[in-house]
Each structure stands twice: as structure tokens, then as C-alpha cells.
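Visitor: I would like to learn how to read this structure feature by feature. Could you give me the general idea each time, and then the case in front of us?

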Amino acid sequence: MNCDVFRDLLARSFAQMARTAEQGSRTVQVPKEPLDQPPLTIHTLGARELRREARRVSKIDEATRDLARDMLRSMYAARGIGLAAPQVGVPKQILVIDLDIDEAATPPLVLINPEITATGASLNTYEEGCLSIPKVYLDVVRPSTIEVNFRDENGRPRRLKADGLLARCIQHEMDHLQGVLFVDRVTDELSLNEGLQQQGFERQHVLSIR
Ligand SMILES: [Zn+2]
């Protein structure tokens, strides 16, 4: 075999390997630059879609990954760090999270059928916001640390210990799968009423779960 032929074969086999790896990883990463026309509409407080319970995903396939990609595009367009499928009117247990929206290379996190298996004993207070209740930011108390089991975008079982903003974000997004919104958990009535009123939301759309 002469050297050129060998090089050509080698190049071809590398190209093949790269293609296989690409298909194998089946990434959901999309550009993070905000789009003018996001593919999905995010429902806001008062919409019935936000109050439905989401179903478990039985099959994780290309359609699931397509939905995750569109959710990410819509989330980046709104400059959010988390989005749950019920927010875009899809009652399925799918969350996308990206705490690093200004860093193009950081991959997002996709959590399918997430289950919290443990919560830490300590609680903390943090000011939350939600793409479904724009510009309203209020304090919510939640456990500081969690352990969560889920499937990733390729159907692989994953287990994650989270603290800080990630723990906070996962709990907030998982609430959406039960039809619960962060305002339902706000205990400061006065701030809640003020915050909602200032942004034109109605208090009657908040559920009392405190
Ligand atoms: Zn939210």
C-alpha cells in the first residue's frame, strides 16, 4: 500500500469515527445567542397550561431532543436559566437548565423524569424569578441541597448532588412539573401582592400551598 492511499484511508476512517461520535452523543446544544423569533411560546401566570401535572416520558428519542433544543432556544431568547416543558404547553417531565448562558461552550443540562431522592436538612432563602411571571422576583425558602435522579437527553440514567443555584433551579423547575409556581411558595404576602400588581398579574392566579 502506498503512503497516500494509506493516508486517505486513515482520513476517511477518522471522518467516519467523528460522524459516529457525533451521532452517538446526540447533543442538544444550540447556539446561546438570543433569537428574535423563539420557536416556542412561554405561558404566563394565569394560563391553565402552567397548572397541569406533567407526565413521565416513556421514550427518549430524537423528538424528545428536538423539544429540548426548542426549549433551550426559547429559554436563551428570554435570557432565562431554566425552563420546564409545561411552561411551553407540553405536559411532559422535561427540564432544561443552563446556569452559564453567557458561555457558549458550556453544555446545558437536560433532566427527564427527575426525582428528588434526598434533601439536605438546611434551608435557605433566595430571590427567585420565573420566565412565566416576568419581572417578578420574590424570596422563597427551600432546602439548600438535593440529590436528584433523572434520565439525560440520551436516555442514560444520571444521579446528581446539587447545591447553591443549581439545587435552587432544579427544585423550581421540578415544581413546574406538578403545576406549582414559585409564587405559590412565597410567604411574604405584602411583597407578593405588590410584586404581582406592579407587573399586571392577578393575585387570584396564585395557589396557596404554604
Ligand atoms: Zn419557573
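Guide: Gladly. Let us begin with pairing: two strands pair if DSSP finds at least two bridges between them. In this predicted model, β6 and β7 meet that condition with 6 bridges, in the antiparallel sense.

Visitor: Which residue is the bridge partner of Ile146 in β7?

Guide: Ile146 has Ala162 as its bridge partner there. The two strands also form a hairpin, with 5 residues between β6 and β7. Look at Gly155 in that turn, where phi is positive at about 85°.

Visitor: How do the strands of a sheet hold on to one another in general?

Guide: Strands of a sheet pair through backbone hydrogen bonds, and the sense can be parallel or antiparallel. Here an open sheet is built from 5 strands, with antiparallel pairing and the order β1-β2-β3-β6-β7. At its edges are β1 (82–84) and β7 (157–162), each of which pairs on one side only. On average, neighbouring strands of this sheet are turned by 40° against each other, direction ignored.

Visitor: Over how many bridges do β1 and β2 pair?

Guide: Strand β2, residues 94–97, pairs with β1 over 3 bridges in the antiparallel sense. To find the register, start from Ala84, whose bridge partner in β2 is Leu95. Helix α2 (residues 62–77) packs on the sheet, where it touches β1, β2 and β3 (109–119). The direction of α2 makes about 45° with that of β2.

Visitor: And over how many bridges do β3 and β6 pair?

Guide: Those two strands are joined by 5 bridges, again in the antiparallel sense. Ala118 is a good place to look, as its bridge partner in β6 is Glu147.

Visitor: Let me step back to the overall layout. What pattern does the protein follow along the sequence?

Guide: The pattern is α-α-β-β-β-β-β-β-β-α-α, from 4 helices and 7 strands. As for dimensions, the C-alpha atoms fill a box of roughly 80 × 40 × 30 Å along the principal axes. Among contacts with a separation of 6 or more, 67% link residues 24 or more positions apart.

Visitor: How do I check the span of a helix?

Guide: Compare the distance from its first C-alpha to its last with the span expected at 1.5 Å a residue. For α2, with 16 residues, the distance is 22 Å, close to the expected 22 Å. Helix α3, residues 164–177, has 14 residues and reaches 21 Å, close to the expected 20 Å.

Visitor: Which strands does α3 lie across?

Guide: Helix α3 lies across β1, β2, β3, β6 (146–151) and β7, and it runs at about 20° to β1.

Visitor: How should I read burial?

Guide: Count neighbours: a residue is buried if 20 or more other C-beta atoms lie within 10 Å of its own, and exposed if 12 or fewer do. Of the 210 residues in the protein, 33% count as buried. Helix α3 is mostly covered, with 11 of its 14 residues buried, including Cys169, Ile170, Met174 and Leu177. The buried residues of α2 include Leu67, Met71, Leu72 and Tyr76, and β1, β2 and β3 are part of what covers the buried residues of that helix.

Visitor: Why does Asp4 count as exposed?

Guide: Asp4 is exposed because its count of other C-beta atoms within 10 Å is 8. This residue lies in helix α1 (residues 3–25). Asp4 and Lys32 are 28 residues apart in sequence, and their C-alpha atoms are 41 Å apart in space.

Visitor: What is the general idea with the sign of phi?

Guide: Most residues other than glycine have a negative phi. In this model, Arg79 has a positive phi of about 60° although it is not a glycine. Arg79 sits in the loop between α2 and β1, and is exposed because it has 11 other C-beta atoms within 10 Å.

Visitor: Where does Asn113 lie, and what is its phi?

Guide: Asn113 lies in strand β3, and has a positive phi of about 50° although it is not a glycine. With 19 C-beta neighbours inside 10 Å, Asn113 counts as partly exposed. A glycine example is Gly179, just after α3, with a positive phi of about 75°.

Conventions: Residues are numbered from 1 along each chain as its sequence is written. This is a predicted model: local features need pLDDT of at least 70, side-chain atom pairs count only at pLDDT 80 or more; totals for chains, interfaces and linings use all residues. Two residues are in contact if their C-beta atoms, placed from the backbone, lie within 7 Å. The expected span of a helix is 1.5 Å times one less than its number of residues. Axes are lines fitted to C-alpha atoms, for helices over the stretch in contact, and angles run from 0 to 180 degrees between N-to-C directions.
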